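Reader: Could you walk me through one part of this model up close? I'd love to hear about the sheet and the helices around it.

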Amino acid sequence: MFEKVLIANRGEVALRIHRACHEMGIKTVVVHSTADSESMAVMLADESVCIGPPASKDSYLNIASILSAAHITGAQAIHPGIGFMAENATFAQMVAEHGLTFIGPSPEHIQVMGDKVSAKNAMIRAGVPVVPGSEGVLKNGQEATALAKEIGFPVLMKAAGGGGGKGMKIAERAEDVAELFDLAQIEAQTHFGNPDVYMEKYLLQPRHIEIQLLGDQHGNVIHLGERDCSLQRRHQKVLEEAPSPALTDAERAHIGAIAVKAAKDIGYYSAGTFEFLYAQGQFYFIEMNTRLQVEHCVTEAITGIDLVKEQLCVAAGLPLSITQDQVRFHGHAIEYRINAEHPETFVPSPGLITRYHTPGGPGVRIDAAIYDGYRVPPFYDSLVSKLVIHGNTRADCLARSRRALDEYVIEGIQTTIPLHQRLLNQPDIQAGNYDIHWLERFLKA
Ligand code: ADP
């Protein structure tokens, strides 16, 4: 096992990785920008190295600085966390070339799955059902229009290199396709440095269901069930739950087995997630994330398995600590993403936290990197805390969620806690009856 791991990330996920390392007796090094020198991860880590100014491109995305920090401190492995370098195949490759271990899958897996078109093609070959759409990248507006007519409206144009819900265009009518295609290409180039655009049928009332996978370097792959991430705003997840209120045990076993087989087919290892849209009993693959996910905590809650520890063990060449037969699901968990944002306008609200009190009691987990007197910097993602609630049943989980959200005090900045409180009062949420467009409809009303 590694003696020292460098954490190339910030915020709650840097802390999450630090915690797993320390429980395993591994020393931690955290790299940080000048804006994060007061962060919780920096304070708790065994060592920290400032790698640049606030702008991510000069710090958290600066490969040379990160690798230098690893060498100076004698770290043997790098955990990229979520975002930043986590799905950068070049980074994974360079980490290996510098004699260090990348805590994640191989650069090849990141490469293939990072391009959504090649990922979809790999999945089709592995027998996974995908959303109907173009066979590959679309050449021009004319081709897009012809295909859209064939698929049937509405259609969705997506960036092959996309992520974070950006660069998607919905076309309702043939007249609009060519223009939207051009726009999609421009956005794709601007955001992802790759103009490739492909097309999918735009599904009207699906749920977003994803399967958590774990694989090792000895050919073992298991699934840890699903997460339902259908509550989204602008294609970004707002809260996630496990298990999904929509799936039967048989459906879970069915899609879990398909995902395991596909991951084995491509020789996948480390943590990974297959994302599907689910409608009328059918699953349609949309993409794979070759990293830990923000919402991994709900899976940890219902399985008792520490995903970060498994990632560390797998990266060190050890086999998975559990087999599929040993995976048991217990109860129900929901994660509430608490963002430093106005709960109605969603305008970012960085600044000084003047009062901070966390809920406690049974079934309450908080993955947050904030504290009393901490100043939330304006430069990064607005997620400041994840409240993860576990109960024996979904009803227990909802009741516990209400009381925990009521206890949570964060003053000085605006947060999305009131949004979650409002959501819990909605009959559809209470009944688990929502699709990926539910939240947008609710916010409009
Ligand atoms: P990103 O990588 O940008 O997050 P995804 O492909 O994972 O993009 O899609 C993000 C979200 O966009 C999905 O969870 C879903 O809500 C919506 N979406 C994606 N593809 C489709 C589709 N074909 N039909 C309807 N909604 C879709």
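Author: Happy to! Let's start with strand E2 (residues 27-33), which runs parallel to E3 and is joined to it by five bridges. One of the partnerships is Val-29 with Glu-47 of E3. Keep in mind that this is a predicted model, where local features need pLDDT of at least 70, side-chain atom pairs count only at pLDDT 80 or more, and totals for chains, interfaces and linings use all residues. Residues are numbered from 1 along each chain as its sequence is written, and side-chain values use heavy atoms, with hydrogens and water left out.

Helices and strands here are DSSP runs (H or I, at least four residues; E, at least two), numbered from the N terminus, and two strands pair if DSSP finds at least two bridges between them. On that basis, five strands make an open sheet with parallel pairing, ordered E3-E2-E1-E4-E5. Strand E3 (47-52) and strand E5 (101-102) are the edges, each pairing on one side only.

Now for the helices. Helix H1 (residues 11-23) packs on the sheet, touching strand E1 (4-7), E2 and strand E4 (77-79), where contact means heavy atoms within 4.5 Å. The direction of H1 makes about 175° with that of E1. Axes are lines fitted to C-alpha atoms, for helices over the stretch in contact, and angles run from 0 to 180 degrees between N-to-C directions. Helix H3 (residues 63-73) lies across E1, E2, E3 and E4, and runs at about 150° to E3.

Lastly, the axes of helix H5 (residues 107-114) and helix H6 (residues 116-125) come within 5 Å, crossing at roughly 100°.
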